[in-house]
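Student: I would like to learn how to read a structure feature by feature, with the general idea first and the particular case after it. Could we work through one together?

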Amino acid sequence: RNAFSRNKMAVGGQPTFTHRLKSYKGLFPTQEESRKHRSEEDLELRKRKREEQFSKRRNIGQPEVDAKSGVVIDEGNKTENGENTNAIIDGGTPLSEVINHLYSTDNNTKLAAVCSIRKALSKAQNPPIDEVLDLGVLPTIVQMLQPGTDPKIQFEACWVITNVCSGTSEQTHKAVEYGCVQALIALIASDALHIQEQAVWALGNILGDGVELRDFCFKNNIVQGFLEVLDSPQHPSLQLRKNLAWAISNLCRHKNPPSDLQKLHPLFNHMKTFLFDENMEVLVDTLWAWSYLCDGANNRIEVVIEAGICPRLVEVLLNPEKKAILPALRTLGNIVTGSDDQTEHVLECNVLEPIKNLMLHDNATIKKESCWLLSNIAAGNQQQIQQLLDHDLFPRAVQIFKNSEFKIKKEICWMVGNITNGGSPQQVRSVMEFGFIPPLCDMLSSDDGQVLTVILEGFQQILRFGQVDVGKGGTNPYALEIEEAGGLDALEKLQHHPNGDIYQQAFKIIDDFFQEEEVEDRSDD
(Lines give C-alpha, C1' and ligand atoms only; values in the text may rest on other atoms or scores of the structure.)
Protein backbone atom coordinates (compact mmCIF):
# COMPACT_ATOMS: atom_id res chain seq x y z
CA ARG A 1 0.00 0.00 0.00
CA ASN A 2 1.96 2.44 -1.52
CA ALA A 3 2.41 5.82 -0.19
CA PHE A 4 5.46 4.03 1.12
CA SER A 5 7.05 5.12 4.38
CA ARG A 6 3.80 6.67 5.46
CA ASN A 7 1.93 4.88 8.16
CA LYS A 8 2.78 3.50 11.56
CA MET A 9 1.58 0.52 13.55
CA ALA A 10 -1.68 0.68 15.42
CA VAL A 11 -1.18 -1.67 18.35
CA GLY A 12 -3.92 -4.19 19.05
CA GLY A 13 -4.20 -7.42 21.01
CA GLN A 14 -4.08 -10.83 19.42
CA PRO A 15 -7.35 -12.76 19.41
CA THR A 16 -7.36 -15.99 21.31
CA PHE A 17 -7.56 -19.40 19.64
CA THR A 18 -11.11 -19.80 20.90
CA HIS A 19 -12.09 -16.40 19.56
CA ARG A 20 -10.73 -17.31 16.15
CA LEU A 21 -12.59 -20.59 16.06
CA LYS A 22 -15.86 -18.94 17.06
CA SER A 23 -15.65 -16.74 13.99
CA TYR A 24 -16.45 -19.65 11.69
CA LYS A 25 -19.99 -20.59 10.86
CA GLY A 26 -21.49 -23.77 12.20
CA LEU A 27 -18.29 -25.57 13.06
CA PHE A 28 -18.43 -24.42 16.65
CA PRO A 29 -21.00 -23.97 19.39
CA THR A 30 -22.99 -20.77 18.81
CA GLN A 31 -24.17 -20.43 15.24
CA GLU A 32 -24.76 -16.67 15.48
CA GLU A 33 -21.28 -16.12 16.89
CA SER A 34 -19.57 -18.53 14.56
CA ARG A 35 -21.38 -17.94 11.29
CA LYS A 36 -18.53 -16.27 9.47
CA HIS A 37 -14.82 -16.80 9.11
CA ARG A 38 -12.99 -13.56 9.64
CA SER A 39 -9.42 -14.92 9.60
CA GLU A 40 -8.67 -12.51 12.42
CA GLU A 41 -5.21 -13.64 13.43
CA ASP A 42 -3.82 -13.51 9.90
CA LEU A 43 -5.57 -10.23 9.13
CA GLU A 44 -4.24 -8.66 12.32
CA LEU A 45 -0.70 -9.71 11.45
CA ARG A 46 -1.06 -8.31 7.93
CA LYS A 47 -2.47 -5.08 9.28
CA ARG A 48 0.32 -4.76 11.81
CA LYS A 49 2.93 -5.27 9.13
CA ARG A 50 1.32 -2.61 6.98
CA GLU A 51 0.70 -0.17 9.82
CA GLU A 52 4.26 -0.40 11.08
CA GLN A 53 5.26 1.05 7.71
CA PHE A 54 2.45 3.33 6.76
CA SER A 55 0.52 5.11 9.50
CA LYS A 56 3.09 7.92 9.67
CA ARG A 57 5.31 9.62 7.15
CA ARG A 58 8.01 12.25 7.17
CA ASN A 59 8.24 15.03 4.64
CA ILE A 60 11.71 14.72 3.13
CA GLY A 61 10.89 15.69 -0.41
CA GLN A 62 9.11 19.03 -0.30
CA PRO A 63 10.73 21.93 -2.17
CA GLU A 64 12.81 24.63 -0.48
CA VAL A 65 11.37 28.05 0.33
CA ASP A 66 13.72 31.00 -0.20
CA ALA A 67 14.22 32.68 3.19
CA LYS A 68 14.32 36.15 1.65
CA SER A 69 11.77 36.10 -1.15
CA GLY A 70 9.40 33.37 -0.01
CA VAL A 71 9.69 31.81 -3.46
CA VAL A 72 9.63 28.02 -3.62
CA ILE A 73 12.99 26.86 -5.03
CA ASP A 74 14.82 23.57 -5.44
CA GLU A 75 17.26 22.37 -2.78
CA GLY A 76 20.65 23.99 -3.33
CA ASN A 77 19.38 26.91 -5.41
CA LYS A 78 20.60 30.41 -4.73
CA THR A 79 18.82 33.58 -3.65
CA GLU A 80 18.77 36.68 -5.82
CA ASN A 81 22.10 37.93 -4.43
CA GLY A 82 23.76 34.59 -5.10
CA GLU A 83 23.98 33.44 -1.49
CA ASN A 84 22.80 30.03 -0.37
CA THR A 85 19.58 30.36 1.68
CA ASN A 86 21.03 28.25 4.43
CA ALA A 87 24.39 29.98 4.62
CA ILE A 88 23.20 32.36 7.38
CA ILE A 89 23.37 29.70 10.05
CA ASP A 90 24.03 26.33 8.43
CA GLY A 91 27.29 24.90 7.22
CA GLY A 92 27.83 22.58 10.14
CA THR A 93 26.49 24.85 12.88
CA PRO A 94 25.20 22.72 15.78
CA LEU A 95 21.47 22.73 16.37
CA SER A 96 21.99 24.16 19.84
CA GLU A 97 23.44 27.29 18.23
CA VAL A 98 20.79 27.43 15.54
CA ILE A 99 18.10 27.55 18.19
CA ASN A 100 19.14 31.02 19.35
CA HIS A 101 18.11 32.43 15.98
CA LEU A 102 14.50 31.29 16.52
CA TYR A 103 14.06 34.17 18.94
CA SER A 104 15.42 36.82 16.60
CA THR A 105 13.27 39.85 15.85
CA ASP A 106 14.33 39.61 12.21
CA ASN A 107 11.94 37.41 10.25
CA ASN A 108 14.57 36.32 7.74
CA THR A 109 16.87 35.13 10.52
CA LYS A 110 13.98 33.38 12.25
CA LEU A 111 12.91 31.73 8.99
CA ALA A 112 16.42 30.52 8.30
CA ALA A 113 16.59 29.01 11.78
CA VAL A 114 13.35 27.07 11.48
CA CYS A 115 14.45 25.97 7.98
CA SER A 116 17.62 24.53 9.49
CA ILE A 117 15.65 22.60 12.10
CA ARG A 118 13.33 21.32 9.42
CA LYS A 119 16.24 20.16 7.28
CA ALA A 120 17.78 18.34 10.23
CA LEU A 121 14.48 16.53 10.84
CA SER A 122 14.16 15.64 7.16
CA LYS A 123 17.14 13.32 7.20
CA ALA A 124 16.28 10.01 5.60
CA GLN A 125 17.69 8.07 8.55
CA ASN A 126 17.85 8.80 12.27
CA PRO A 127 16.43 12.33 12.31
CA PRO A 128 17.36 14.10 15.59
CA ILE A 129 13.80 14.41 16.89
CA ASP A 130 14.78 13.80 20.51
CA GLU A 131 17.58 16.35 20.28
CA VAL A 132 15.16 18.99 19.01
CA LEU A 133 12.69 18.13 21.78
CA ASP A 134 15.41 18.24 24.44
CA LEU A 135 16.39 21.74 23.33
CA GLY A 136 12.92 22.89 24.34
CA VAL A 137 12.05 24.68 21.10
CA LEU A 138 8.77 22.92 20.36
CA PRO A 139 6.55 25.46 22.18
CA THR A 140 8.15 28.20 20.08
CA ILE A 141 7.67 26.20 16.87
CA VAL A 142 3.99 25.60 17.73
CA GLN A 143 3.56 29.29 18.44
CA MET A 144 4.77 29.98 14.90
CA LEU A 145 1.65 28.20 13.62
CA GLN A 146 -0.62 30.86 15.07
CA PRO A 147 -2.49 33.47 12.99
CA GLY A 148 -0.49 36.57 12.20
CA THR A 149 2.78 34.70 11.70
CA ASP A 150 4.66 35.22 8.45
CA PRO A 151 3.23 32.50 6.11
CA LYS A 152 6.75 31.41 5.14
CA ILE A 153 7.56 30.79 8.80
CA GLN A 154 4.18 29.11 9.34
CA PHE A 155 4.92 26.68 6.54
CA GLU A 156 8.37 25.75 7.85
CA ALA A 157 7.04 25.40 11.40
CA CYS A 158 4.25 23.18 10.10
CA TRP A 159 6.83 21.03 8.34
CA VAL A 160 8.87 20.71 11.54
CA ILE A 161 5.74 19.55 13.42
CA THR A 162 5.00 17.07 10.62
CA ASN A 163 8.37 15.41 11.04
CA VAL A 164 8.33 15.46 14.83
CA CYS A 165 4.93 13.72 14.71
CA SER A 166 6.31 11.13 12.30
CA GLY A 167 8.35 9.76 15.19
CA THR A 168 7.41 7.68 18.19
CA SER A 169 4.15 7.97 20.07
CA GLU A 170 5.96 9.74 22.93
CA GLN A 171 7.43 12.31 20.54
CA THR A 172 4.03 12.87 18.91
CA HIS A 173 2.33 13.34 22.28
CA LYS A 174 4.84 16.01 23.24
CA ALA A 175 3.96 18.02 20.15
CA VAL A 176 0.25 17.64 20.89
CA GLU A 177 0.72 18.76 24.50
CA TYR A 178 1.94 22.12 23.23
CA GLY A 179 -1.28 22.74 21.30
CA CYS A 180 -0.29 21.84 17.76
CA VAL A 181 -3.56 20.04 16.93
CA GLN A 182 -5.73 23.10 17.39
CA ALA A 183 -3.27 25.26 15.44
CA LEU A 184 -2.98 22.76 12.59
CA ILE A 185 -6.74 22.38 12.22
CA ALA A 186 -6.99 26.18 11.97
CA LEU A 187 -4.32 26.16 9.25
CA ILE A 188 -6.41 23.85 7.07
CA ALA A 189 -8.38 26.99 6.20
CA SER A 190 -5.23 28.92 5.26
CA ASP A 191 -5.25 30.91 2.03
CA ALA A 192 -1.86 29.41 1.19
CA LEU A 193 -2.25 26.05 -0.53
CA HIS A 194 1.15 24.70 0.52
CA ILE A 195 0.32 25.47 4.16
CA GLN A 196 -3.01 23.66 3.85
CA GLU A 197 -1.26 20.63 2.39
CA GLN A 198 1.38 20.57 5.10
CA ALA A 199 -1.14 21.03 7.92
CA VAL A 200 -3.19 18.05 6.71
CA TRP A 201 0.00 16.01 6.44
CA ALA A 202 0.95 16.81 10.03
CA LEU A 203 -2.55 15.94 11.24
CA GLY A 204 -2.36 12.66 9.34
CA ASN A 205 0.72 11.73 11.35
CA ILE A 206 -1.03 12.61 14.59
CA LEU A 207 -4.10 10.57 13.60
CA GLY A 208 -1.85 7.64 12.74
CA ASP A 209 -0.51 7.51 16.28
CA GLY A 210 -3.45 5.70 17.83
CA VAL A 211 -6.89 5.88 19.40
CA GLU A 212 -6.08 8.49 22.04
CA LEU A 213 -4.88 11.17 19.64
CA ARG A 214 -7.50 10.23 17.06
CA ASP A 215 -10.22 10.92 19.60
CA PHE A 216 -8.46 14.13 20.69
CA CYS A 217 -8.59 15.29 17.06
CA PHE A 218 -12.28 14.42 16.91
CA LYS A 219 -12.89 16.58 20.00
CA ASN A 220 -11.09 19.46 18.29
CA ASN A 221 -13.38 19.24 15.25
CA ILE A 222 -10.96 17.78 12.75
CA VAL A 223 -13.83 16.54 10.59
CA GLN A 224 -15.15 20.07 10.27
CA GLY A 225 -11.64 21.22 9.40
CA PHE A 226 -11.43 18.69 6.59
CA LEU A 227 -14.90 19.63 5.37
CA GLU A 228 -13.92 23.29 5.04
CA VAL A 229 -11.52 22.22 2.32
CA LEU A 230 -13.60 19.42 0.82
CA ASP A 231 -16.79 21.51 0.63
CA SER A 232 -14.96 24.47 -0.90
CA PRO A 233 -16.02 25.34 -4.47
CA GLN A 234 -12.32 25.32 -5.37
CA HIS A 235 -11.23 21.79 -6.31
CA PRO A 236 -8.46 20.59 -3.96
CA SER A 237 -5.01 20.23 -5.49
CA LEU A 238 -3.66 16.78 -6.19
CA GLN A 239 -1.26 16.93 -3.23
CA LEU A 240 -4.03 18.12 -0.94
CA ARG A 241 -6.29 15.29 -2.10
CA LYS A 242 -3.49 12.80 -1.47
CA ASN A 243 -2.90 14.15 2.02
CA LEU A 244 -6.62 14.27 2.84
CA ALA A 245 -7.26 10.71 1.62
CA TRP A 246 -4.36 9.44 3.69
CA ALA A 247 -5.31 11.44 6.81
CA ILE A 248 -8.92 10.23 6.55
CA SER A 249 -7.69 6.64 6.28
CA ASN A 250 -5.81 7.15 9.57
CA LEU A 251 -8.95 8.69 11.05
CA CYS A 252 -10.78 5.44 10.22
CA ARG A 253 -7.92 3.06 11.01
CA HIS A 254 -7.79 2.22 14.70
CA LYS A 255 -10.02 -0.46 16.20
CA ASN A 256 -9.85 -0.48 19.98
CA PRO A 257 -12.34 1.18 20.03
CA PRO A 258 -13.17 1.88 16.39
CA SER A 259 -13.95 5.36 15.09
CA ASP A 260 -17.36 6.86 15.79
CA LEU A 261 -19.33 6.37 12.57
CA GLN A 262 -21.65 9.25 13.35
CA LYS A 263 -18.71 11.65 13.53
CA LEU A 264 -17.26 10.27 10.30
CA HIS A 265 -20.52 10.29 8.39
CA PRO A 266 -20.17 13.87 7.03
CA LEU A 267 -17.03 12.70 5.19
CA PHE A 268 -18.68 9.77 3.43
CA ASN A 269 -19.76 11.60 0.27
CA HIS A 270 -16.23 12.91 -0.24
CA MET A 271 -14.81 9.44 0.45
CA LYS A 272 -17.12 8.09 -2.24
CA THR A 273 -15.90 10.75 -4.66
CA PHE A 274 -12.28 9.85 -3.90
CA LEU A 275 -13.03 6.28 -5.04
CA PHE A 276 -13.26 7.69 -8.57
CA ASP A 277 -10.17 9.88 -8.34
CA GLU A 278 -7.75 9.42 -11.21
CA ASN A 279 -4.77 9.41 -8.86
CA MET A 280 -3.87 5.92 -7.66
CA GLU A 281 -2.61 7.10 -4.27
CA VAL A 282 -5.91 8.85 -3.49
CA LEU A 283 -7.87 5.77 -4.61
CA VAL A 284 -5.78 3.29 -2.61
CA ASP A 285 -5.83 5.24 0.65
CA THR A 286 -9.58 5.76 0.34
CA LEU A 287 -10.13 2.05 -0.27
CA TRP A 288 -8.21 1.27 2.91
CA ALA A 289 -10.33 3.81 4.79
CA TRP A 290 -13.52 2.02 3.74
CA SER A 291 -12.00 -1.34 4.67
CA TYR A 292 -11.29 -0.08 8.19
CA LEU A 293 -14.83 1.22 8.56
CA CYS A 294 -16.45 -2.16 7.89
CA ASP A 295 -13.93 -4.24 9.84
CA GLY A 296 -16.21 -5.01 12.75
CA ALA A 297 -19.79 -5.58 13.77
CA ASN A 298 -22.66 -5.86 11.31
CA ASN A 299 -23.88 -2.33 12.04
CA ARG A 300 -20.57 -0.97 10.72
CA ILE A 301 -20.85 -3.17 7.66
CA GLU A 302 -24.37 -1.88 7.05
CA VAL A 303 -23.19 1.73 7.07
CA VAL A 304 -20.71 0.94 4.31
CA ILE A 305 -23.36 -0.90 2.29
CA GLU A 306 -25.73 2.06 2.64
CA ALA A 307 -23.00 4.32 1.28
CA GLY A 308 -23.51 2.51 -2.04
CA ILE A 309 -19.85 1.81 -2.79
CA CYS A 310 -19.98 -1.95 -3.46
CA PRO A 311 -20.43 -1.67 -7.25
CA ARG A 312 -17.34 0.56 -7.39
CA LEU A 313 -15.38 -1.88 -5.22
CA VAL A 314 -16.14 -4.68 -7.65
CA GLU A 315 -15.04 -2.44 -10.55
CA VAL A 316 -11.70 -1.87 -8.81
CA LEU A 317 -11.12 -5.64 -8.76
CA LEU A 318 -10.63 -5.31 -12.53
CA ASN A 319 -7.88 -2.73 -12.03
CA PRO A 320 -4.45 -3.98 -13.11
CA GLU A 321 -2.82 -2.39 -10.05
CA LYS A 322 -2.54 -4.90 -7.22
CA LYS A 323 -2.18 -2.08 -4.68
CA ALA A 324 -5.78 -1.10 -5.56
CA ILE A 325 -7.08 -4.66 -5.78
CA LEU A 326 -5.96 -5.58 -2.26
CA PRO A 327 -7.92 -2.96 -0.27
CA ALA A 328 -10.96 -3.45 -2.50
CA LEU A 329 -10.80 -7.18 -1.80
CA ARG A 330 -10.36 -6.56 1.91
CA THR A 331 -13.38 -4.26 2.02
CA LEU A 332 -15.60 -6.73 0.18
CA GLY A 333 -14.21 -9.54 2.31
CA ASN A 334 -15.09 -7.64 5.48
CA ILE A 335 -18.63 -7.06 4.21
CA VAL A 336 -19.26 -10.76 3.55
CA THR A 337 -18.31 -11.55 7.15
CA GLY A 338 -21.68 -10.01 7.98
CA SER A 339 -25.21 -11.33 7.71
CA ASP A 340 -26.59 -13.34 4.81
CA ASP A 341 -28.36 -10.20 3.56
CA GLN A 342 -25.11 -8.25 3.62
CA THR A 343 -23.36 -11.07 1.79
CA GLU A 344 -26.17 -11.13 -0.75
CA HIS A 345 -25.63 -7.43 -1.46
CA VAL A 346 -22.05 -8.17 -2.53
CA LEU A 347 -23.15 -11.12 -4.64
CA GLU A 348 -25.73 -8.94 -6.40
CA CYS A 349 -22.85 -6.68 -7.46
CA ASN A 350 -21.45 -9.64 -9.47
CA VAL A 351 -18.34 -10.06 -7.35
CA LEU A 352 -17.81 -13.70 -8.33
CA GLU A 353 -16.73 -13.04 -11.92
CA PRO A 354 -13.66 -10.96 -11.06
CA ILE A 355 -12.91 -13.19 -8.07
CA LYS A 356 -12.78 -16.18 -10.40
CA ASN A 357 -9.82 -14.57 -12.16
CA LEU A 358 -8.18 -13.25 -9.02
CA MET A 359 -8.01 -16.78 -7.65
CA LEU A 360 -5.30 -17.39 -10.26
CA HIS A 361 -3.54 -14.04 -9.82
CA ASP A 362 0.25 -14.15 -9.72
CA ASN A 363 0.24 -12.33 -6.38
CA ALA A 364 -0.10 -14.77 -3.47
CA THR A 365 -1.78 -12.26 -1.17
CA ILE A 366 -4.48 -11.51 -3.74
CA LYS A 367 -5.06 -15.26 -4.13
CA LYS A 368 -5.33 -15.67 -0.40
CA GLU A 369 -7.72 -12.75 0.09
CA SER A 370 -9.87 -14.02 -2.77
CA CYS A 371 -10.14 -17.45 -1.15
CA TRP A 372 -10.83 -15.82 2.23
CA LEU A 373 -13.72 -13.88 0.70
CA LEU A 374 -15.09 -17.05 -0.93
CA SER A 375 -14.82 -18.98 2.32
CA ASN A 376 -17.10 -16.41 3.95
CA ILE A 377 -19.61 -16.65 1.13
CA ALA A 378 -19.46 -20.42 1.66
CA ALA A 379 -20.49 -19.74 5.25
CA GLY A 380 -23.74 -18.23 4.00
CA ASN A 381 -27.00 -19.89 3.14
CA GLN A 382 -27.47 -22.70 0.62
CA GLN A 383 -28.56 -20.33 -2.14
CA GLN A 384 -25.26 -18.49 -1.76
CA ILE A 385 -23.30 -21.75 -1.76
CA GLN A 386 -25.13 -22.67 -4.97
CA GLN A 387 -23.88 -19.47 -6.59
CA LEU A 388 -20.32 -20.65 -5.93
CA LEU A 389 -21.16 -23.89 -7.71
CA ASP A 390 -22.93 -22.13 -10.58
CA HIS A 391 -19.91 -19.90 -11.24
CA ASP A 392 -17.68 -22.95 -11.59
CA LEU A 393 -15.20 -21.76 -8.94
CA PHE A 394 -14.30 -25.14 -7.48
CA PRO A 395 -12.11 -26.51 -10.30
CA ARG A 396 -9.88 -23.47 -9.78
CA ALA A 397 -10.01 -23.91 -6.04
CA VAL A 398 -8.78 -27.51 -6.37
CA GLN A 399 -6.06 -26.40 -8.76
CA ILE A 400 -4.61 -23.81 -6.39
CA PHE A 401 -5.21 -26.09 -3.39
CA LYS A 402 -2.75 -28.55 -4.86
CA ASN A 403 -0.12 -26.03 -5.94
CA SER A 404 -0.13 -23.07 -3.56
CA GLU A 405 1.53 -22.08 -0.34
CA PHE A 406 0.07 -22.99 3.03
CA LYS A 407 -1.72 -19.70 3.77
CA ILE A 408 -3.80 -20.11 0.60
CA LYS A 409 -4.50 -23.79 1.25
CA LYS A 410 -5.69 -22.86 4.72
CA GLU A 411 -8.39 -20.57 3.32
CA ILE A 412 -9.57 -23.31 0.95
CA CYS A 413 -9.84 -25.66 3.92
CA TRP A 414 -12.20 -23.15 5.52
CA MET A 415 -14.17 -22.82 2.29
CA VAL A 416 -14.71 -26.58 2.04
CA GLY A 417 -15.33 -26.88 5.78
CA ASN A 418 -18.05 -24.23 5.68
CA ILE A 419 -19.75 -25.94 2.74
CA THR A 420 -19.72 -29.35 4.43
CA ASN A 421 -21.28 -27.74 7.48
CA GLY A 422 -23.92 -25.54 5.85
CA GLY A 423 -24.51 -26.95 2.40
CA SER A 424 -27.18 -29.40 1.38
CA PRO A 425 -26.18 -33.06 1.00
CA GLN A 426 -26.27 -32.66 -2.78
CA GLN A 427 -24.11 -29.53 -2.66
CA VAL A 428 -21.55 -31.32 -0.51
CA ARG A 429 -21.52 -34.27 -2.90
CA SER A 430 -21.09 -31.93 -5.87
CA VAL A 431 -18.15 -30.15 -4.26
CA MET A 432 -16.46 -33.43 -3.33
CA GLU A 433 -16.64 -34.57 -6.95
CA PHE A 434 -14.06 -31.92 -7.84
CA GLY A 435 -11.38 -33.84 -5.94
CA PHE A 436 -10.94 -32.05 -2.63
CA ILE A 437 -10.44 -35.13 -0.47
CA PRO A 438 -6.81 -35.97 -1.47
CA PRO A 439 -5.45 -32.44 -0.81
CA LEU A 440 -7.46 -32.29 2.42
CA CYS A 441 -5.82 -35.54 3.49
CA ASP A 442 -2.41 -34.05 2.71
CA MET A 443 -3.21 -31.16 5.03
CA LEU A 444 -3.70 -33.57 7.96
CA SER A 445 0.08 -33.48 8.42
CA SER A 446 -0.13 -29.76 9.24
CA ASP A 447 0.97 -28.40 12.60
CA ASP A 448 -1.84 -25.82 12.48
CA GLY A 449 -4.49 -26.86 15.00
CA GLN A 450 -7.15 -24.69 13.39
CA VAL A 451 -6.69 -26.33 10.01
CA LEU A 452 -6.81 -29.79 11.54
CA THR A 453 -10.01 -28.97 13.42
CA VAL A 454 -11.71 -27.65 10.27
CA ILE A 455 -10.70 -30.69 8.19
CA LEU A 456 -11.75 -33.20 10.85
CA GLU A 457 -15.12 -31.52 11.30
CA GLY A 458 -15.55 -31.52 7.54
CA PHE A 459 -14.60 -35.18 7.21
CA GLN A 460 -17.12 -36.15 9.87
CA GLN A 461 -19.89 -34.45 7.91
CA ILE A 462 -18.77 -35.84 4.54
CA LEU A 463 -18.58 -39.37 5.93
CA ARG A 464 -22.04 -39.04 7.47
CA PHE A 465 -23.46 -38.13 4.06
CA GLY A 466 -21.59 -41.04 2.49
CA GLN A 467 -22.97 -43.47 5.04
CA VAL A 468 -26.51 -42.28 4.43
CA ASP A 469 -26.02 -42.81 0.69
CA VAL A 470 -24.95 -46.46 0.97
CA GLY A 471 -27.08 -47.45 3.93
CA LYS A 472 -26.13 -49.74 6.77
CA GLY A 473 -23.46 -52.26 5.87
CA GLY A 474 -22.49 -50.66 2.58
CA THR A 475 -19.04 -49.32 1.70
CA ASN A 476 -18.81 -45.59 2.33
CA PRO A 477 -17.28 -44.11 -0.86
CA TYR A 478 -15.79 -41.18 1.01
CA ALA A 479 -14.16 -43.48 3.58
CA LEU A 480 -12.61 -45.43 0.72
CA GLU A 481 -11.34 -42.22 -0.94
CA ILE A 482 -9.89 -40.95 2.34
CA GLU A 483 -8.08 -44.25 2.91
CA GLU A 484 -6.72 -44.35 -0.64
CA ALA A 485 -5.40 -40.80 -0.24
CA GLY A 486 -3.51 -41.74 2.92
CA GLY A 487 -6.06 -40.07 5.16
CA LEU A 488 -6.63 -43.09 7.40
CA ASP A 489 -2.92 -43.31 8.21
CA ALA A 490 -2.91 -39.62 9.00
CA LEU A 491 -5.97 -40.00 11.23
CA GLU A 492 -4.25 -42.78 13.16
CA LYS A 493 -1.24 -40.53 13.75
CA LEU A 494 -3.53 -37.78 15.00
CA GLN A 495 -4.65 -40.09 17.79
CA HIS A 496 -1.29 -39.21 19.34
CA HIS A 497 -1.75 -35.46 18.85
CA PRO A 498 -1.00 -33.37 21.97
CA ASN A 499 -4.22 -31.40 21.52
CA GLY A 500 -6.93 -33.44 23.21
CA ASP A 501 -9.75 -32.12 21.03
CA ILE A 502 -7.93 -33.11 17.85
CA TYR A 503 -7.16 -36.52 19.28
CA GLN A 504 -10.83 -37.01 20.19
CA GLN A 505 -12.03 -35.97 16.73
CA ALA A 506 -9.60 -38.30 14.96
CA PHE A 507 -10.52 -41.17 17.27
CA LYS A 508 -14.25 -40.62 16.69
CA ILE A 509 -13.89 -40.57 12.90
CA ILE A 510 -11.97 -43.86 12.95
CA ASP A 511 -14.35 -45.39 15.44
CA ASP A 512 -17.49 -44.34 13.55
CA PHE A 513 -16.44 -44.93 9.94
CA PHE A 514 -13.37 -47.18 9.78
CA GLN A 515 -13.71 -49.56 12.75
CA GLU A 516 -15.33 -52.38 10.81
CA GLU A 517 -12.53 -52.34 8.27
CA GLU A 518 -9.90 -52.44 11.02
CA VAL A 519 -11.63 -55.43 12.62
CA GLU A 520 -11.59 -57.25 9.26
CA ASP A 521 -7.91 -56.43 8.83
CA ARG A 522 -7.08 -57.92 12.24
CA SER A 523 -9.12 -61.09 11.53
CA ASP A 524 -7.17 -61.58 8.28
CA ASP A 525 -3.95 -61.46 10.29
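**Reading charge, burial and backbone**

Tutor: Let us begin with one acidic residue, D134, which is exposed, with a relative accessible area of 63%. Please keep in mind throughout that this is a predicted model.

Student: Where does D134 lie, and which residues gather with D134 in a patch of negative charge?

Tutor: D134 is placed in helix 6, and the surface patch of negative charge gathers D130, E131, D134 and E170. Helix 6 supplies the largest share of that negative patch, namely 3 residues.

Student: How should I read charged residues that meet an opposite charge, and how many salt bridges are there?

Tutor: The general idea is that side chains of opposite charge can pair when their charged atoms come close. In this model the count comes to 13 salt bridges. One of them joins R241 to D277, with the closest N and O atoms 2.7 Å apart. Because R241 lies in helix 14 and D277 in the loop between helix 16 (268-274) and helix 17 (280-293), this pair ties together parts that are 36 residues apart in sequence.

Student: Are R241 and D277 buried or exposed?

Tutor: R241 has a relative accessible area of 12% and is therefore buried, and D277, with a relative accessible area of 13%, is buried as well, the cut-off for that word being under 20%.

Student: Which residue forms a salt bridge with E369, and where do the two partners lie?

Tutor: E369 forms a salt bridge with R330, in which the closest N and O atoms are 3.1 Å apart. E369 belongs to helix 23 (residues 364-377) and R330 to helix 20 (residues 322-335), so the pair ties together parts that are 39 residues apart in sequence. Both E369 and R330 are buried.

Student: What does K368 meet in a salt bridge?

Tutor: The side chain of K368 meets that of E411 at 3.0 Å, N to O. This pair links distant parts of the chain, K368 being in helix 23 and E411 in helix 26, 43 residues apart. K368 counts as buried at 3% relative accessibility, and E411 is buried with a relative accessible area of 0%.

Student: Since E411 is in helix 26, how should I read the length and the burial of helix 26?

Tutor: A helix can be checked by comparing its expected span with the distance between its ends. At 1.5 Å a residue, the 17 residues of helix 26 (residues 406-422) should span 24 Å, and the end C-alpha atoms are 24 Å apart, which agrees. As for burial, 13 of the 17 residues are buried, so helix 26 is largely enclosed by the rest of the structure. Helix 11 (residues 193-207) can be read in the same manner: its 15 residues reach 21 Å from the first C-alpha to the last, close to the 21 Å expected, and helix 11 is mostly covered, with 13 of its 15 residues buried.

Student: What should I look for in the backbone of the loops, for example the phi of N126 or the peptide bond from N256 to P257?

Tutor: Look at the sign of phi and at omega. N126 has a phi near 50°, a positive value in a residue other than glycine; N126 sits in the loop between helix 5 (107-121) and helix 6 (129-134) and is exposed, with a relative accessible area of 67%. N350 also has a positive phi, near 65°, and lies in the loop between helix 21 (340-348) and helix 22 (352-358), where N350 counts as exposed at 56% relative accessibility. The peptide bond from N256 to P257 is cis, with omega near 5°, and P257 is found in the loop between helix 14 (238-253) and helix 15 (261-264).

How values were computed. Residues are numbered from 1 along each chain as its sequence is written. This is a predicted model: local features need pLDDT of at least 70, side-chain atom pairs count only at pLDDT 80 or more; totals for chains, interfaces and linings use all residues. Side-chain values use heavy atoms; hydrogens and water are left out. Helices (H or I, at least four residues) and strands (E, at least two) are DSSP runs, numbered from the N terminus. The expected span of a helix is 1.5 Å times one less than its number of residues. Buried means under 20% relative accessible area, exposed over 50%, partly exposed in between (1.4 Å probe, protein chains only). Patches are made of residues with over 30% relative accessible area and no salt bridge: like charges are joined within 9 Å, nonpolar side chains (Val, Leu, Ile, Met, Phe, Trp, Tyr) within 5 Å. Accessible areas come from the Shrake-Rupley method with a 1.4 Å probe; for residues, only the protein chains shown count as cover. A salt bridge is a side-chain nitrogen of Lys or Arg within 4 Å of a carboxyl oxygen of Asp or Glu. Lys and Arg count as positive and Asp and Glu as negative; His and the chain ends are not counted. The place of a charge is taken as NZ of Lys, CZ of Arg, CG of Asp or CD of Glu.
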